[in-house]
Amino acid sequence: MQRRPTAGEVVTILSALAVLVGSFLPFLQVQRLHFTVWSNSFGILPLMPALVFATVGIGFVVTMRTFTKARFPDRVLGLGWEQAQLAVAVIVAVTTICYLTRDPGPLVRAAGFTNGAGVYVILVAAFGFGLGALMMMRRPHRQTWDPWS
Amino acid sequence: MKRELSSVGWAIVTGAGVALLGSLLDVYGGRSAWSQGLFPLITLPAILVTLLGVRLLVSTFTSVRFRSRVLGFTWGQIDAVVGAWASLMMLSFAGGNAGVSAGGLTLNPTRDIGFWLMFIGTAVVFVGGLIEAQDQADPY
């Protein structure tokens with residue numbers, strides 16, 4: 001029988017999707033020029049794409065474990081899956097905060113440098129991703145997510 | 001009882017010191033990692049590995065004792081994850097463009113000696129963290 005996803009799994013999957021969507025939104029803007037996570041400028045690429053891949057990869061594994069009978073190793077690189085998820089969430093959040101708080105200097109600022117919506121979406125999603133990991137770590141009290149109850 | 005740092009521990013502390021030193025030298029276009037425009041993004045790898053090194057020194061040479069686990073992570077796992085994070089950042093900065101590419105025009109500041117010291121220092125911490133994590137791994 002197919003089991004229903006737990007609240008932690010739903011938060012994790014939605015957060016991973018939000019990170020993926022955020023990666024296609026403007027990350028930084030200079031006047032009318034938009035730079036996404038996939039732009040090779042301002043030190044964004046390949047660091048942020050690697051973090052997006054890690055987030056989406058773990059989200060994919062959680063999705064497969066939730067909705068299919070696919071089996072994965074219990075540990076990844078010496079960490080449990082929830083630990084790896086929490087580590088990735090912290091890394092994405094702190095790295096994004098560094099992009100967000102970076103002062104580009106008076107010249108670049110005068111040229112119209114601003115943070116785009118993507119950086120905020122990814123930051124919020126990273127917090128959700130971490131929250132999902134913490135919720136899943138408390139598995140003994142498994143709580144099933146049912147929006148209709 | 002006198003406590004001593006293992007050779008892996010010394011490697012981590014030395015790597016952290018090299019990365020911190022590099023961050024204070026010229027990193028990009030004659031500017032240190034602590035300069036406007038580079039702080040805190042380029043500085044972060046040096047800060048991360050320095051925190052690891054300080055934690056290792058404090059736990060070894062002072063009476064301060066840390067909890068054996070933080071959020072389920074052993075210190076070996078934390079060292080490995082943070083080392084991997086710092087190394088990934090430096091590897092990305094080595095391969096990517098810190099300047100801007102738009103409209104066929106590319107402005108990329110040169111990487112200076114400080115950058116490469118940070119690169120080497122974080123790589124040493126990463127490898128040391130991996131070895132430490134394996135040594136602390138629970139065989140059961």
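Helices and strands are here DSSP runs, with at least four residues for a helix and at least two for a strand, and they are numbered from the N terminus. Counted in this way, chain A has five helices and five strands, while chain B comes to four helices and four strands. The model is a predicted one, and this briefing goes through the two chains, the contact between them, and some individual residues that are worth finding in the structure.

**The two chains**

- Reading along the sequence of chain A, you meet the elements in the pattern α-β-β-α-β-β-α-α-β-α, and the C-alpha atoms of this chain fill a box of roughly 60 × 35 × 20 Å along the principal axes.
- In chain B the elements run α-α-β-β-α-β-β-α from the N terminus on, and the C-alpha trace of chain B spans about 60 × 30 × 25 Å along its principal axes.

**Where chain B meets chain A**

- The size of an interface is often given as the accessible area that is lost when the parts come together.
- For chain B and chain A this buried area is about 2,100 Å², and 70% of it lies on carbon and sulfur atoms.
- On the side of chain B that touches chain A, the elements that give two or more residues are helix H3 (75–95) and strand S3 (100–102) of chain B, and H3(B) gives the most, with seven residues.
- Sorted by class, that side of chain B has 14 nonpolar residues, nine polar residues and no charged residues.
- Counting residues in the contact as a whole, 23 come from chain B and 32 come from chain A.
- Seven residue pairs are found in polar contact across the interface of chain B and chain A, with both residues of each pair at pLDDT 80 or more, whereas the count of salt bridges between chain B and chain A is zero.

**The salt bridge inside chain B**

- Over all chains, the structure holds one salt bridge, and it is formed by the side chains of Asp79(B) and Arg55(B), at 3.2 Å from N to O.
- This pair links distant parts of the chain, as Asp79(B) lies in helix H3 of chain B and Arg55(B) lies in helix H2 (residues 44–61) of chain B, 24 residues apart.

**Trp75(B) and its surroundings**

- Trp75(B) also belongs to helix H3 of chain B, and, once its neighbours within four places in sequence are left aside, its contacts are Arg55(B), Phe66(B), Arg67(B), Ser68(B), Val70(B) and Gln136(B).
- One of these residues, Arg67(B), offers its backbone oxygen to Trp75(B), whose side chain reaches that atom at 2.6 Å.
- Ile47(B) can be used to compare distance in sequence with distance in space, since Trp75(B) and Ile47(B) are 28 residues apart in sequence and 17 Å apart from C-alpha to C-alpha.

**A nonpolar patch on chain A**

- Leu14(A), Leu17(A), Leu20(A), Phe24(A), Trp38(A) and Phe53(A) make a nonpolar surface patch of about 620 Å².
- Helix H1 (residues 7–22) of chain A gives the most to this patch, with three residues, while Trp38(A), also part of the patch, is found in the loop between strand S2 (33–35) and helix H2 (47–67) of chain A.

**Backbone features in the loops**

- Most residues other than glycine have a negative phi, and most peptide bonds are trans.
- Phe42(A), although it is not a glycine, has a positive phi of about 55 degrees, and this residue is found in the loop between S2 and H2 of chain A.
- Pro46(A) is likewise found in the loop between S2 and H2 of chain A, and the peptide bond that leads from Leu45(A) to Pro46(A) is cis, with omega near 5 degrees.
- In chain B, the peptide bond from Phe39(B) to Pro40(B) is cis, with omega near 0 degrees, and Pro40(B) is found in the loop between helix H1 (7–24) and H2 of chain B.

Notes:
Residues are numbered from 1 along each chain as its sequence is written. Chains are lettered from A and ligands numbered from 1 in the order in which they are written. Side-chain values use heavy atoms; hydrogens and water are left out. Contact means heavy atoms within 4.5 Å. Buried area is the accessible area (1.4 Å probe) that two parts lose on being put together, summed over both. A salt bridge is a side-chain nitrogen of Lys or Arg within 4 Å of a carboxyl oxygen of Asp or Glu. A polar contact is a pair of N or O atoms within 3.5 Å; within protein, one must be able to donate a hydrogen and the other to accept it, and residues adjacent in sequence count only if both atoms are side-chain atoms. Ala, Val, Leu, Ile, Met, Phe, Trp, Tyr, Cys and Pro count as nonpolar, Asp, Glu, Lys and Arg as charged, and the others, Gly among them, as polar. Patches are made of residues with over 30% relative accessible area and no salt bridge: like charges are joined within 9 Å, nonpolar side chains (Val, Leu, Ile, Met, Phe, Trp, Tyr) within 5 Å. Accessible areas come from the Shrake-Rupley method with a 1.4 Å probe; for residues, only the protein chains shown count as cover.
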